[in-house]
Amino acid sequence: MTETSPRDRMERYYATVPLLFAEAEEFGSLRLFVRKEPGAPYYGGPFHARPASAGAPDVTDADIARVRARQRELGVPESFEWLAEVAPALRARVEAAGLSVAERPLMVLDPHLPLPAPKLPEGVTVRVVDADDPALPAVLAIPHLAFGAEGTAVGAAGRAELAAVAARLTADGTVATTLPSLYAGHKKLVAAFAGDGTPLAAGHYHPAGGATEIGGIGTLPAARRQGLGAAVMAAAAAHARDNGVHTVFLAYADEAVARIYARLGFRRAGVTLLIANQPARGQ
């Protein structure tokens, strides 16, 4: 394996991007990322960015128990995240500890292919959303509705529900906690908007070291089946490329979604992200 293989770049990314928002605490062969400021909690996992010659980390049951104890002390989910190929034996130990593990295969954008121009419904536009954008609360509200009604079928949640969730996220301080990372450029938000300015779909990425994972792609349930998620994904990938990101990748849970991303130029990376007991980080 070379230093520039997709797996190495992804592993280095997972080692780097949490440190924009968190401190790393070490527990044997495991590491726990602990938030510096309010925000969605991070996870535990094996030491990242290890040289290939070092082999798989020797994680023990005691290491897992120590991380979980620290997470309980912090009041955050007892969650783990790692690349399956980096620590092949870890899954069995985590499951033996009573945590369920979900697989998320990864896809990487072919760096040599131009992104296709998405076909948008009439009046719909896609743009980057910055910290001072008045639409920010509604953009942050989209994943709460999108992931609350799983699947791709058109749903009932629409503009009224979006406005209600946006108001709640403003009142409870969620919007305010997002501002520092947006001002610093650590987080980039992209959204599709109807002609009247209502956000219909959104996603985000966090650039670090010339790489990024694009995630949180969600569409307002009432606006599904119009290609808006794919349009946001393509716009986010293009924006990342235009701003110095060379490795763009994503995790997926559904084969139908993978086929959509394949049409944008993403290919299977042969690497699987494993997630144990971890709530979706969304935005």
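Trainee: Why is strand 9 (residues 211-219) said to be largely enclosed by the rest of the structure?

Mentor: Buried means under 20% relative accessible area, while exposed is over 50% and partly exposed lies in between (1.4 Å probe, protein chains only). Nine of the nine residues of strand 9 are buried, so the rest of the structure largely encloses that strand. Keep in mind that this is a predicted model, where local features need pLDDT of at least 70, side-chain atom pairs count only at pLDDT 80 or more, and totals for chains, interfaces and linings use all residues. Residues are numbered from 1 along each chain as its sequence is written, and side-chain values use heavy atoms, leaving out hydrogens and water.

Trainee: What makes strand 8 (residues 199-205) and strand 9 a pair?

Mentor: Strands are DSSP runs of E with at least two residues, helices are runs of H or I with at least four, and both are numbered from the N terminus. Two strands pair if DSSP finds at least two bridges between them. Strand 8 and strand 9 have four bridges, in the antiparallel sense, and Y205 has I214 as its bridge partner in strand 9.

Trainee: How do you know that strand 9 pairs with strand 10 (residues 247-251)?

Mentor: Same test: there are three bridges, this time in the parallel sense. A211 is matched with T247 in strand 10.

Trainee: And what about A208, in the loop between strand 8 and strand 9: buried or exposed?

Mentor: Its relative accessible area is 10%, so A208 is buried. A208 touches Y13, T16, V17 and L20, leaving aside residues up to four places away in sequence; contact means heavy atoms within 4.5 Å.

Trainee: Now the helices. Why is helix 4 (residues 136-146) called roughly perpendicular to helix 5 (residues 159-171)?

Mentor: They pack at an angle of about 110°, with axes 8 Å apart. Under 35 degrees counts as roughly parallel, over 145 as roughly antiparallel, 65 to 115 as roughly perpendicular, and the rest as oblique. That makes helix 4 roughly perpendicular to helix 5. The axes are lines fitted to C-alpha atoms over the stretch in contact, and angles run from 0 to 180 degrees between N-to-C directions.

Trainee: Which residues make that contact?

Mentor: Helix 4 brings P137, A138, L140, A141, I142, H144 and L145, and helix 5 brings E161, L162, V165, A166, R168, L169 and T170. By class, that's ten nonpolar, two polar and two charged residues. Here Ala, Val, Leu, Ile, Met, Phe, Trp, Tyr, Cys and Pro count as nonpolar, Asp, Glu, Lys and Arg as charged, and the others, Gly among them, as polar.
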